[in-house]
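These are my notebook entries on one structure, written down in the order in which I looked things up. I begin with a single residue and then work outward to the chain as a whole.

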Amino acid sequence: GPLEAGHPPLSVALRLDREIDVSRGSVIVAADNAPEPVRVFDANLCWLGDRPLRPGGRFLVRHGAAEALCVVGAIRHRLDMETLEPLDAPAEVRTNDLAQVTLR
């Protein structure tokens with residue numbers, strides 16, 4: 001039935017009051033809560049690449065259906081796999097490492 005808001009783990013369907021182009025990867029938020037586009041941001045990631053991730057490395061990042069070329073600005077720290085607590089700031093991130101990095 002009708003809901004005021006959907007929260008995890010619910011799946012919801014939206015009926016819009018007019019036809020607009022909404023597709024996979026679109027973000028629907030309240031007008032006063034819209035995300036601001038930025039050129040530099042920190043991200044927690046699990047590195048799945050065959051080669052280590054290093055500062056200055058370039059790769060594609062995908063958000064929804066959009067892709068953009070990113071450059072690694074810094075590796076802030078690795079994350080402990082069990083507790084997600086910050087560890088050392090390594091020179092590189094290896095396959096299956098969890099890390100916080102700055103991307104631009």
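Where does Leu84 lie? Working from a predicted model, I placed Leu84 in the loop between E3 and strand E4, the latter covering residues 98-103. I looked it up because of its backbone: Leu84 has a positive phi of about 65 degrees, although Leu84 is not a glycine. Its relative accessible area is 52%, and since the cut-off for exposed is over 50%, I entered Leu84 as exposed.

Entry on a second positive phi. Asn96 is not a glycine either, and its phi is positive at about 75 degrees. I found Asn96 in the loop between E3 and E4, where its relative accessible area of 44% makes it partly exposed.

Entry on the overall fold. I counted four strands and zero helices in the protein, so that, by the run definitions used here, the order of elements from the N terminus is β-β-β-β. For the extent of the chain, I noted that the C-alpha trace spans about 50 × 30 × 25 Å along its principal axes. The radius of gyration is 18 Å, whereas a compact globule of 104 residues would have one near 13 Å. Of the 104 residues, 20% are buried, and the accessible surface comes to about 8,800 Å², with 51% of that area belonging to carbon and sulfur atoms. Among contacts with a separation of 6 or more, 49% are between residues 24 or more positions apart.

Entry on charge. I recorded 12 positive and 15 negative side chains in the protein, and the centres of these two sets lie 9 Å apart.

Entry on the cysteines. How many disulfides does the structure hold? I found zero, and I then checked the sulfur positions to understand the result. The closest cysteine sulfur to that of Cys46 belongs to Cys70 and is 17 Å away, which is too far for a bond. For the step from distance to absence, I kept in mind that a disulfide requires a pair of cysteine sulfur atoms within 2.5 Å. Seen from the other side, Cys70 is likewise in no disulfide, with the sulfur of Cys46 as its nearest cysteine sulfur at 17 Å. I also compared their surroundings: Cys46 is partly exposed at 39% relative accessibility, while Cys70 is buried, with a relative accessible area of 4%.

Entry on the segment before E1. I looked for cis peptide bonds here and noted one that joins Pro8 and Pro9, with omega at about 5 degrees; Pro9 has its place in the segment before E1. Pro2 is in the segment before E1 as well, and at a relative accessible area of 86% I listed Pro2 as exposed. The C-alpha atoms of Pro2 and Leu14 are twelve residues apart along the chain and are separated by 9.7 Å. Val29 also falls in the segment before strand E1, which runs over residues 41-46. I found Val29 to be partly exposed, with 39% relative accessibility, and, leaving aside residues up to four places away in sequence, Val29 touches Ala34 and Pro35.

Entry on His77. Is His77 buried or exposed? With a relative accessible area of 16%, His77 is buried, and its place is in strand E3, residues 66-78. When I listed its contacts beyond residues up to four places away in sequence, I found Pro86, Leu87, Asp88, Ala89 and Pro90, together with Ala99 and Gln100.

Entry on Arg104. Which residues does Arg104 touch, not counting residues up to four places away in sequence? I noted Arg39 and Val40, and also Leu69, Cys70 and Val71. The C-alpha atoms of Arg104 and Val71 are 5.3 Å apart in space, although 33 residues separate the two in sequence. Arg104 belongs to the segment after E4, and I entered it as exposed, given a relative accessible area of 53%. Cys70, which is on the contact list of Arg104, is the buried cysteine of the earlier entry.

Technical notes. Residues are numbered from 1 along each chain as its sequence is written. This is a predicted model: local features need pLDDT of at least 70, side-chain atom pairs count only at pLDDT 80 or more; totals for chains, interfaces and linings use all residues. Side-chain values use heavy atoms; hydrogens and water are left out. Helices (H or I, at least four residues) and strands (E, at least two) are DSSP runs, numbered from the N terminus. The radius of gyration is taken over C-alpha atoms; the globule rule is 2.2 Å times the number of residues to the power 0.38. Buried means under 20% relative accessible area, exposed over 50%, partly exposed in between (1.4 Å probe, protein chains only). Contact means heavy atoms within 4.5 Å. Accessible areas come from the Shrake-Rupley method with a 1.4 Å probe; for residues, only the protein chains shown count as cover. Lys and Arg count as positive and Asp and Glu as negative; His and the chain ends are not counted. The place of a charge is taken as NZ of Lys, CZ of Arg, CG of Asp or CD of Glu.
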